[in-house]
Amino acid sequence: MKLSPQDRRIMERMAPGVLCRDGFLGGDDRPLGEILDADRAAVEAAGLTHEEIVRRLGEILRLAMARYGAPVEVGGGLTAVYVEAMGRIPCPWGGHGVFAKGEVRLADRLTGRQIVFTPLSVHLVDEHGFYQGKGSRYRLEPRLLAELLRRNDKK
Amino acid sequence: MECIRDLTGDIKELRIALLDPQTIEFVPGQYIQLEAPAYGDNPEPVFRAYSVSSPPDDNGHVELIIRLVPGGICTTWVFEHLKEGDEVRLTGPYGQFRLSETQREMVWIAGGSGMAPFWSIVRHMKRHNIARKTTYFFGSVRKADLFFLDELSALAKELPWFEFVPALSGNDGDWSGERGLITDVVARRVSDSADVEAYLCGSPGMIDAAIKVLHDKGVGDDRIFYDKFA
């Protein structure tokens with residue numbers, strides 16, 4: 001699939017070493033449009049919407065940030081820890097301001113399964129439906145997200 | 001790079017001997033920009049800001065306190081590639097974060113690498129007999145994340161105007177000091193209508209929460225100074 005000039009520019013900004021050490025694509029060599037389409041379908045298949053995911057992750061982010069690094073129970077046997085970091089990072093699409101670095105580690109105490117996301121991650125889902133490339137540290141795998149957020153339902 | 005030492009599992013102290021020029025003039029509280037050269041998958045050098053943690057009288061050196069940022073370009077270089085003896089580039093000093101010239105009592109609040117400017121300031125104050133009453137609140141989750149405990153406790157014993165209050169928000173059993181979020185500790189320990197100036201260094205979330213506590217204590221914005229991690 002031929003990349004549009006816009007997608008090419010965005011993917012160049014997503015490459016390792018441009019905005020952050022590892023970039024946003026992991027080992028994923030699919031074109032951006034394909035990644036977005038596949039994740040949109042996966043989110044739907046998991047019975048979720050981008051909006052619901054943004055709302056829930058945003059809530060977890062707020063709870064975790066308020067604890068400055070101490071773990072917080074967020075319901076359903078899930079704990080979240082916000083690991084702060086200096087600096088800010090822009091969105092690879094550009095034009096959306098900058099976002100605090102630092103990450104939330106959301107873990108299921110029972111299974112040990114974990115996702116790691118950042119304030120920028122929430123924005124990327126919200127504005128762009130982008131869950132990052134497979135293999136990326138901040139990849140939000142829709143099926144795993146659904147599993148964790150369903151446990152989070154059980155408050 | 002004269003010396004690199006681990007302060008905690010994810011915080012290092014760098015001591016840089018200046019080559020050209022051989023000295024630096026700065027006000028304690030200011031920062032420099034450290035250059036991480038191109039390396040690995042990173043094709044371009046980048047600059048990142050770090051508060052100077054050494055006192056200005058040690059003007060042939062710059063010390064920095066750097067916390068690893070997961071996936072960070074500069075901190076990955078510091079933690080995985082930088083070696084003692086390497087030459088590094090830095091620019092500065094920059095910034096407006098510094099003590100006021102009043103004699104008003106001070107409250108300092110920091111966490112993690114937010115220690116850096118205060119480590120410079122307190123050693124400068126000691127050297128120059130700036131005996132302003134100061135309470136330094138330093139928060140962490142675990143005891144393993146604290147550093148300079150012995151040094152700051154020793155200063156608190158030696159300097160009648162300086163009190164050091166470390167606090168843990170986690171569940172370490174072996175801890176007899178203050179417990180809770182650092183902002184909760186400040187709320188407990190600082191009296192209402194306190195006639196103080198507050199100096200804050202840390203994450204935006206911690207600083208915003210600390211400002212709210214200080215406002216509740218009657219400390220106005222004209223007496224709150226901060227250096228947000230940004």
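Chain B and chain A bury about 2000 Å² between them, with 60% of that area on carbon and sulfur atoms. On the chain B side, B:P70, B:L181 and B:F229 lose the most area to chain A, together 24% of what that side buries. The model is predicted.

In terms of contacts, 27 residues of chain B meet 23 residues of chain A. The rule finds 1 salt bridge across this interface. B:R67 forms a salt bridge with A:E84, and their closest N and O atoms are 3.9 Å apart. Between the two chains, 4 residue pairs are in polar contact, counted with both residues at pLDDT 80 or more. Two or more residues each come to the chain B side from β4 (46-51), α1 (73-80) and α5 (204-216) of chain B. The composition of that side by class is tabulated below.

| Class, chain B side touching chain A | Residues |
|---|---|
| Nonpolar | 13 residues |
| Polar | 10 residues |
| Charged | 4 residues |

Chain B also contains an open sheet of 3 strands in the order β1-β2-β5, with antiparallel pairing. β1 (3-8) and β5 (61-67) of chain B are at the edges with a single partner strand each, so one side of each has no neighbour in the sheet. Neighbouring strands of this sheet are turned by 20° against each other on average, direction ignored. The antiparallel pairing of β1(B) with β2 (residues 11-17) of chain B runs over 5 bridges. Within this region, B:T8 stands opposite B:I11 of β2(B). α1(B) packs on the sheet and touches β2 and β5 of chain B, its direction making about 105° with that of β5(B).

How values were computed
Residues are numbered from 1 along each chain as its sequence is written. Chains are lettered from A and ligands numbered from 1 in the order in which they are written. This is a predicted model: local features need pLDDT of at least 70, side-chain atom pairs count only at pLDDT 80 or more; totals for chains, interfaces and linings use all residues. Side-chain values use heavy atoms; hydrogens and water are left out. Contact means heavy atoms within 4.5 Å. Buried area is the accessible area (1.4 Å probe) that two parts lose on being put together, summed over both. A salt bridge is a side-chain nitrogen of Lys or Arg within 4 Å of a carboxyl oxygen of Asp or Glu. A polar contact is a pair of N or O atoms within 3.5 Å; within protein, one must be able to donate a hydrogen and the other to accept it, and residues adjacent in sequence count only if both atoms are side-chain atoms. Helices (H or I, at least four residues) and strands (E, at least two) are DSSP runs, numbered from the N terminus. Ala, Val, Leu, Ile, Met, Phe, Trp, Tyr, Cys and Pro count as nonpolar, Asp, Glu, Lys and Arg as charged, and the others, Gly among them, as polar. Two strands pair if DSSP finds at least two bridges between them. Axes are lines fitted to C-alpha atoms, for helices over the stretch in contact, and angles run from 0 to 180 degrees between N-to-C directions.
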